[in-house]
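Here is a friendly walk through one protein model, with a look at its charged side-chain pairs and a pair of strands. Have the sequence and the 3D view open as you read.

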Amino acid sequence: MKMNRRAFLRMTASTITAGALAGCMAHISSREPRVVSAKPGETMDVSAFHASRRYAETRFGNIAYVERGTSEAAALFLHGFPLNGFQWRGALDRLSPYRRCIAPDFLGLGYTQVAAGQSVAPPAQVEMLAALLDQLAISAVDLVANDSGGAIAQLFVTQYPQRVRTLMLTNCDVENDSPPAAVVPLIAQARAGRFADETLLPQLMDKHLARSAQGLGGQCYAYPDHPADETIECYLAPLLSSAARKAQTNAYALGLDPNPLAGIEPALKRCRVPTRIVWGTSDTLFSQASPDYLARTLPNSRGVRRVAGAKLFFPEEFPQLIAEEAQRLWEMA
């Protein structure tokens, strides 16, 4: 199924019928893991996520993060846009026996409290992550990333290669596809100061719209009942909570242009960090040629796994797959 990306970028608060939701279901190959319910108490819900939140004081602001596990080795999970660390809840719970798992909220997204005048562009996000790790006394991490978090991960690993043991990239920007064509109108909307109000607010107010083919759910999730109402609230409510937060949300989108990865390829070719690429095949936001580009460019690539039928935010829907791939990569490194 090919997503109507421009409709998403230009959508209004019109009500979408239940019939539209039925068309959002993507086929998931029987060869790939399916979404399964976690054992009782295994995966945190929104209440547990909020209760678990901590803040690290840095010069960039108070960085919100959730942590699971007590291992000496740490893993850092970088979320997509406009999500937050809640995206990784299933992976954190499954991988916490093996790593100290940390999922921060980026500057301008989630529950992070940004310092006055602080940039939220990708270079600032990289420096914020380094400061966060310093604050948490973590010297190196296994890095797992999705969407715009994948662009920040590439910037981080080339700037701080000694701080990354392994890298796992899921659907995300690459140098020759950043920003992707579908995001250009979104950036123009943000430049006019309208993205938060015109694209996100209608979805927060109408959860059926958010799950429709024109919304976040139909665009980025394989299953038509995803994301749940409480998940939509968790992701979008903080971004729309004040004029200042709306401005930060728009600023995050503006940070995607000009291309933050321009000129990064030579540095990636020098990168020796073991890397695994896991890519959803039904994502039409990012190019389906990008995983092969990454595998060719990164000299210590451990190959590509394609997830049939999965869309952009599949790490949230298939946490067991992320856990499986992460453990395999960590064992090989």
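Does Arg306 count as buried or partly exposed? With a relative accessibility of 35%, Arg306 counts as partly exposed, because that value lies between the 20% limit for buried and the 50% limit for exposed. Keep in mind that this is a predicted model.

**Arg306 and its partner**

Arg306 doesn't sit there alone: its side chain meets that of Asp292 in a salt bridge, at 2.7 Å from N to O. The two come from distant parts of the chain, with Arg306 in strand β9 (residues 301–307) and Asp292 in helix α14 (residues 290–297), 14 residues apart. Asp292 is partly exposed too, at 31% relative accessible area.

**Next door in the sequence**

Now try Arg305, which is also in strand β9. Arg305 makes a salt bridge with Glu325, and their closest N and O atoms are 2.8 Å apart. Glu325 belongs to helix α16 (residues 319–332), so this is another link between distant parts of the chain, the two residues being 20 apart. Here both partners, Arg305 and Glu325, are buried. They also belong to a wider group: a network of salt bridges links Arg276, Arg305, Glu324, Glu325 and Arg328.

**A helix-to-helix link**

For a third pair, look at Lys207 and Glu233, which form a salt bridge with their closest N and O atoms 2.9 Å apart. This one ties helix α9 (residues 207–210), where Lys207 lies, to helix α11 (residues 229–236), home of Glu233, across 26 residues. Lys207 counts as buried because its relative accessibility is 15%, under the 20% limit. Glu233, at 35%, is partly exposed.

Here are the three pairs side by side:

| Salt bridge | Closest N to O |
|---|---|
| Lys207 and Glu233 | 2.9 Å |
| Arg306 and Asp292 | 2.7 Å |
| Arg305 and Glu325 | 2.8 Å |

How many salt bridges does the count come to? The count is 19 salt bridges, and the pairs in the table are among them.

**A hairpin to finish**

Leave the charges aside and find strands β1 (residues 54–58) and β2 (residues 61–68), which run antiparallel and are joined by five bridges. Which residue of β2 is the bridge partner of Thr58? That partner is Gly61. Together, β1 and β2 form a hairpin, with two residues between them.

Technical notes: Residues numbered from 1 in each chain as written. Predicted model: local features only at pLDDT ≥ 70, side-chain atom pairs only at ≥ 80, totals over all residues. Heavy atoms only, no water. Salt bridge = Lys/Arg side-chain N within 4 Å of Asp/Glu carboxyl O. Helix = DSSP H or I, 4+ residues; strand = E, 2+ residues; numbered from the N terminus. Buried < 20%, exposed > 50% of the residue type's maximum accessible area, 1.4 Å probe, protein only. Pairing = 2+ DSSP bridges.
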